[in-house]
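The following exercises ask the reader to work from a structure to short, reasoned statements about its parts. Each task is followed by a solution in steps.

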Amino acid sequence: MDVPGLRAAGVPRLPFREFLLKVHSRCNLACDHCYVYQGADQSWRDQPRAMAWPTAERTCRRIADHAAAHRLPSVRVLLHGGEPLLAGAEFLGRLVRRLRALLPHHTRLDVLAQTNGTLVDEAVLRLCHDHGILLGVSMDGDPAVHDRHRARADGGGSHQAVADALTLLGRPEHRPLWAGVLCTVDVTADPAATYRHLMSFAPPAIDLLLPLGHWGSPPPGRTADPRHVPYARWLTTVFDLWYGAPEQTVRLPFFESVLDLLLGGTSRVESVGGGPSRLVVVETDGRLTQSDLLKTAYAGAPDTGCDVFRHGLDDLLDHPGIVARQLGRDALAAECRACPVEAVCGGGLYPHRYRPGAGFRNPSVYSPDLKAFIRHVADVVRADLARLSGAGTVR
């Protein structure tokens, strides 16, 4: 990639706004769809179990320097793993305090910990209240579905512990800490039953994620037949339940983004819309990498060769992998640029485009499902607009 040429042609250097910190590299669950432990990149085995304080301190300084240099109005820090709560309340509290102290006064800090939920208790929630940390909790559905995928190392289920955590977060005093539920779609599970089970906890939001896969390792149920769209059917069922409800009590960012894009707006998720990536990952040893979702492609896919001890975050902005994630439509395959739903789909999630031997400039492995789902939502919106237009016509 000719990065200097792209810069000369006017492609901007977009500063990072989101920082995913791998505060702990191990987990207390053995999820069968985990991209960290089940992915092609097994570098977690060489990582320190927990981020040491000197690494955390240097990371905080790098983020603060980047925010000051680019006068960022806000930054978002994601505490991640593995299971981030294994890092301990003392370490997490110290890290957030230090970051708040170093950031320039004009930069707001939003902090979210993405947890499997099994360690959430009153002590963890006190930490979150004290330091303004939001919690996202993973749940894939009812006990049978969830425990099939998110088991403990001994094979035991984790659903009950997660349900207890969601019940705790649902209490009025703790609800402001709850960012929502993250659900990885199981295409073999009943979509209506999955949605209703998640809704039984009254979450503020549900993030639906398609299982990570690509052309060399297709996701479950995804075949070469473009007429076979099991994920579109699954998503359509849930969309119709959500969209047709008498009132909206829960946010579904994926659905909301498709609706916004159809109406000329922008996306709030990276799985549609094709917006530029503004994310950098810090591993427990301080290595700076691209999105860790790339670990599903091949060993070393996220690597940049940079770390927080030797490099500032601006050093990453001209890395070819980062530039490719910020090119938008120009980074898409010709087939995608010619697609009638390209403005909404945006090529789908970047790791889903990978094809061994051909890189990432390919349609998403979910392309048929994305097309079918977007067209369904467009038909629903079109019908609604027609009804509204007819209702407003003076006869």
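A residue is called buried when its relative accessible area is under 20%, exposed when that area is over 50%, and partly exposed in between. The model used throughout is a predicted one.

**Exercise 1. Determine whether R375 is buried, partly exposed or exposed, and describe its surroundings.**

Step 1. Locate the residue: R375 belongs to helix α13.

Step 2. Apply the cut-offs. The relative accessibility of R375 is 42%, so R375 counts as partly exposed.

Step 3. List the contacts. When neighbours within four places in sequence are left aside, R375 is in contact with P340 and V341.

Step 4. Compare sequence and space. R375 and C345 are 30 residues apart in sequence, and their C-alpha atoms are 11 Å apart in space.

**Exercise 2. State how the chain is divided into domains, and describe the contact between them.**

Step 1. Give the bounds. Domain 1 comprises 3-7 + 16-218 + 275-329, and domain 2 comprises 219-274 + 330-387.

Step 2. Describe the contact, to which domain 1 gives 38 residues and domain 2 gives 40 residues.

Step 3. Give the separation: taken over C-alpha atoms, the centres of domain 1 and domain 2 are 23 Å apart.

Step 4. Examine the second largest pocket, which holds about 390 Å³ of space. Of its 23 lining residues, D32, H33, P211, L212 and P220 are the closest to its centre. Each of domain 1 and domain 2 supplies at least three residues to this lining. By class, the lining has 11 nonpolar, 10 polar and 2 charged residues.

**Exercise 3. Describe the span that the UniProt record annotates as "Radical SAM core", and identify what covers the buried residues of helix α6.**

Step 1. Read the record. The unreviewed UniProt entry assigns the domain annotation "Radical SAM core" to residues 24-169.

Step 2. Characterise the span. Residues 24-169 are 40% helix and 14% strand, and the end C-alpha atoms lie 23 Å apart.

Step 3. Take helix α6, residues 159-169, and find its buried residues: H159, V162, A163, A165, L166, L168 and L169.

Step 4. Recall a general point: an α-helix has 3.6 residues a turn, so residues three or four places apart point the same way.

Step 5. Name the cover. Among the elements that cover the buried residues of α6 are α4, β4, α5, β5 and α7.

Step 6. Continue to H174, in the loop between α6 and β5. H174 counts as buried because its relative accessibility is 5%. Not counting residues up to four places away in sequence, H174 touches E122, L125, H129, L168 and L169.

**Exercise 4. Explain why helix α9 is described as largely enclosed.**

Step 1. Identify the buried residues of α9: P253, F254, F255, E256, S257, V258, L259 and L261.

Step 2. Draw the conclusion. Because 8 of the 10 residues of α9 (residues 253-262) are buried, the helix is largely enclosed by the rest of the structure.

Step 3. Look just after α9, where G264 takes a positive phi of about 95°.

**Exercise 5. State how many cavities of 30 Å³ or more are found, and describe the linings of the largest and the second largest.**

Step 1. Give the count, which is 4 cavities of 30 Å³ or more.

Step 2. Take the largest cavity, of about 110 Å³. Its lining includes E335, C336, C339, C345 and K371. The elements that give two or more residues to this lining are α11, α12 and α13. By class, the lining of the largest cavity has 5 nonpolar, 3 polar and 3 charged residues.

Step 3. Take the second largest cavity, of about 50 Å³. Among its lining residues are H24, W44, G81, G82 and K295. The lining of the second largest cavity has 2 nonpolar, 5 polar and 3 charged residues.

**Exercise 6. Describe the backbone geometry at G82, R71 and A202.**

Step 1. Recall the general pattern: most residues other than glycine have a negative phi, and most peptide bonds are trans.

Step 2. Consider G82, in the loop between β2 and α3. The peptide bond from G81 to G82 is cis, with omega near 15°.

Step 3. Consider R71, in the loop between α2 and β2. R71 is not a glycine, yet its phi is positive, at about 45°. With 59% relative accessibility, R71 counts as exposed.

Step 4. Consider A202, in the loop between α7 and β6. A202 has a positive phi near 50°, and its relative accessible area of 42% makes A202 partly exposed.

Note on methods:
Residues are numbered from 1 along each chain as its sequence is written. This is a predicted model: local features need pLDDT of at least 70, side-chain atom pairs count only at pLDDT 80 or more; totals for chains, interfaces and linings use all residues. Side-chain values use heavy atoms; hydrogens and water are left out. UniProt positions are given in the numbering used here, feature names are shortened, and annotations may be inferred rather than shown by experiment. Helices (H or I, at least four residues) and strands (E, at least two) are DSSP runs, numbered from the N terminus. Buried means under 20% relative accessible area, exposed over 50%, partly exposed in between (1.4 Å probe, protein chains only). Contact means heavy atoms within 4.5 Å. On a 1 Å grid over the protein atoms alone, a cavity is a set of points where a 1.4 Å probe fits but cannot get out, and a pocket is an open set with protein on both sides within 12 Å along at least five of seven lines; lining residues have an atom within 4 Å of a point. Grid points are joined across faces, edges and corners, and a volume is the space filled by probe spheres set on the points. Ala, Val, Leu, Ile, Met, Phe, Trp, Tyr, Cys and Pro count as nonpolar, Asp, Glu, Lys and Arg as charged, and the others, Gly among them, as polar. Domain bounds come from an automatic or database domain assignment.
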